[in-house]
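Let's walk through this protein model together. Keep the 3D view open while you read.

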Amino acid sequence: HLGRAAGDEREEVPVQGHEPGVPPEALAEQSVLLDHAEGISVATLAEPSLRDYLAPIVGNRLLEAAHRAGGNLIVKHDLVREFSSAWINELLRLTTHCSGLGGWLVITGLHPAGLAVLQSTGLSKRLHLADNESQAREMFALRSRDEGATVLGWLFGSPGRKGTDRRPAA
């Protein structure tokens, strides 16, 4: 079998749309298309279904992409039609990881049924969601601008921004 060492007895788990015996690393390569521009990694998920076996494989690939971009990651779900709770757990793990790196995870293109699940469970409040990549990039730009304004306000004092004015009261 391709990608297996002699004596490797791992169980082969069939994944819909993939041939049996494909190693997890190859599945990850086939399942995630990566691009990087303007300090943000953009991952297009090329899977219609992210279920229990595939979720951590794809999640680990996205963790690598997040590291390369300092935690700034857009994950495009335009082709994903269904996902399991295992994938939701991966999204939460990625969100925490990106935040820990000083960045953001923005999820785009969720199928209406998937979006409904995230909204009904309240998980949509823990995730940054956008309709498309353009809107996600706008979110990053606004975040960057707001952080810059907060830092400048803190450094130089900025009237109207409560808690950021360092000037002594007269």
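Here's a quick tour of confidence, a helix pair and some strands.

This is a predicted model, so local features need pLDDT of at least 70 and side-chain atom pairs count only at pLDDT 80 or more, while totals for chains, interfaces and linings use all residues. Residues are numbered from 1 along each chain as its sequence is written, and side-chain values use heavy atoms, without hydrogens and water.

**Confidence**
- The protein's mean pLDDT (the predictor's confidence in each residue, from 0 to 100) is 80, with 74% of residues at 70 or more.
- Among the elements (helices, H or I, of at least four residues and strands, E, of at least two, as DSSP runs numbered from the N terminus), strand 4 (residues 73–76) has the highest mean, 98, and helix 5 (residues 133–156) the lowest, 72.
- Over residues 149–156 the pLDDT is below 50.
- Where pLDDT is low, don't read the predicted coordinates in detail.

**Two helices**
- Helix 1 (residues 24–31) and helix 2 (residues 54–68) have axes (lines fitted to C-alpha atoms over the stretch in contact, with angles from 0 to 180 degrees between N-to-C directions) that come within 9 Å and cross at roughly 70 degrees.
- The two helices are therefore roughly perpendicular (65 to 115 degrees) to each other.

**Strands**
- Strand 6 (residues 105–108) is covered on both faces: Leu 105 and Ile 107 on one side, Val 106 and Thr 108 on the other, are all buried (under 20% relative accessible area, 1.4 Å probe, protein chains only).
- Strand 4 and strand 6 pair (at least two DSSP bridges) in the parallel sense over four bridges.
- Ile 107 stands opposite Val 75 and also opposite Leu 129 in strand 7.

Terms used
Contact means heavy atoms within 4.5 Å. Angles under 35 degrees count as roughly parallel, over 145 as roughly antiparallel, 65 to 115 as roughly perpendicular and the rest as oblique. Buried means under 20% relative accessible area, exposed over 50%, partly exposed in between (1.4 Å probe, protein chains only).
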